[in-house]
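These are my notebook entries on a single protein chain. I set out to look up its ring pairs, its charged side chains and its overall make-up.

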Amino acid sequence: SYEFRHALAFGGSGARPTPAASRVEPRVTAVRFSGTTNVPEPDLRRLVRLEPGDRFDFLRWQDGRDRLERALWQRGFQEARVRARRDVDETGTSAELEFDVESGPPSVLDVRGYGFPGGVVRAMEVAWRAAVFDTFLLEELEQIARRHLVEEGYLQSVVALEVVDATGDE
């Protein structure tokens with residue numbers, strides 16, 4: 001999420017303020033979390049690293065969102081998504097931040113019959129995180145597996161994939 005602002009001023013004394021002098025840096029007044037997550041809120045707050053009273057910094061805000069998403073992925077929530085929103089008041093002096101966290105179900109990539117190296121498994125996990133539909137996910141995982149097997153000299157390998165509801169929650 002990106003926001004661009006541009007201010008035009010007409011008339012005046014001709015003296016132009018410097019960009020730094022005219023910029024108002026808002027203060028964070030609230031950090032909220034919504035959505036469904038399997039991570040306690042204090043852990044989420046530690047990952048965001050922004051608290052009420054801090055100066056709002058766009059890069060720190062986006063880094064916090066990225067840290068939240070990565071932490072969920074590392075905990076096995078490959079379908080996790082985090083959306084960050086901010087609400088700056090009309091004076092531009094305060095900003096309320098909200099992180100909408102949807103962890104999705106815990107996910108397990110279970111590879112049988114062939115031991116793929118860690119780099120291939122990580123590529124599969126990355127594909128899983130980016131997938132929109134299970135059908136596209138299966139096609140991408142198959143391509144990653146086949147590419148590696150061909151590189152290893154297995155030209156007639158058989159790759160079978162399926163999405164299984166393992167426990168009802170997984």
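Entry 1: aromatic pairs.
I counted rings of Phe, Tyr and Trp (its six-membered ring) as a pair if their centres lie within 6.5 Å; planes under 30 degrees apart are stacked, those over 60 are edge-to-face and the rest are tilted. By that rule the structure holds six aromatic pairs. I looked up Phe33 and Phe99 and found the ring centres 5.7 Å apart with the planes at 25°, so this pair is stacked. The two rings link distant parts of the chain, since Phe33 lies in strand 1 and Phe99 in strand 3, 66 residues apart. I took strands (E, at least two residues) and helices (H or I, at least four) as DSSP runs, numbered from the N terminus. Phe33 and Phe99 are both buried; the term stands for under 20% relative accessible area, with exposed over 50% and partly exposed in between (1.4 Å probe, protein chains only).

I then noted that ring pairs join Phe56, Phe58 and Trp61 into a cluster. Trp61 sits in helix 3 and is buried, at 2% relative accessibility. The C-alpha atoms of Trp61 and Phe99 are separated by 9.9 Å, with their positions 38 residues apart along the chain.

Entry 2: basis of the model.
I record that this is a predicted model, in which local features need pLDDT of at least 70 and side-chain atom pairs count only at pLDDT 80 or more, whereas totals for chains, interfaces and linings use all residues. Residues are numbered from 1 along each chain as its sequence is written, and side-chain values use heavy atoms, with hydrogens and water left out.

Entry 3: overall make-up.
I find five helices and three strands in the protein. From the N terminus on, the elements run α-β-α-α-β-β-α-α. Of the 170 residues, 29% count as buried. The accessible surface comes to about 11800 Å², and 51% of it belongs to carbon and sulfur atoms; the areas come from the Shrake-Rupley method with a 1.4 Å probe, and for residues only the protein chains shown count as cover. I also looked at contacts, that is, heavy atoms within 4.5 Å. Among those with a separation of 6 or more, residues 24 or more positions apart account for 58%.

Entry 4: salt bridges.
I counted a salt bridge where a side-chain nitrogen of Lys or Arg lies within 4 Å of a carboxyl oxygen of Asp or Glu. The structure holds eleven of them. One joins Glu25 to Arg55, with the closest N and O atoms 3.7 Å apart. This pair links distant parts of the chain: Glu25 is in the loop between helix 1 (19-22) and strand 1 (27-36), and Arg55 is in the loop between helix 2 (41-48) and helix 3 (58-74), 30 residues apart. Glu25 is partly exposed at 39% relative accessible area, and Arg55 is partly exposed at 38%.

Arg32 bridges to Glu96, with the closest N and O atoms 2.9 Å apart. Here too distant parts of the chain are linked, Arg32 being in strand 1 and Glu96 in strand 3, 64 residues apart. Arg32 is partly exposed at 40%, as is Glu96 at 32%.

Arg60 forms a salt bridge with Asp54, the closest N and O atoms being 3.6 Å apart. I also noted a network of salt bridges that links Arg65, Asp66 and Glu69.

Entry 5: Asp100.
Which side chain of opposite charge is nearest to Asp100? It is Arg83, at 4.2 Å; Asp100 is buried yet has no salt bridge. For charge, Lys and Arg count as positive and Asp and Glu as negative, while His and the chain ends are not counted. Asp100 belongs to strand 3 (residues 94-102). Its side chain makes a polar contact of 3.3 Å with that of Ser34. A polar contact is a pair of N or O atoms within 3.5 Å; within protein, one must be able to donate a hydrogen and the other to accept it, and residues adjacent in sequence count only if both atoms are side-chain atoms. Leaving out residues up to four places away in sequence, I find Asp100 touching Ser34, Gly35, Arg81, Val82, Arg83 and Arg85.

Entry 6: His148.
His148 lies in helix 5 (residues 134-151) and is buried, with a relative accessible area of 9%. Apart from neighbours within four places in sequence, His148 is in contact with Tyr114, Phe116, Pro117 and Val120.
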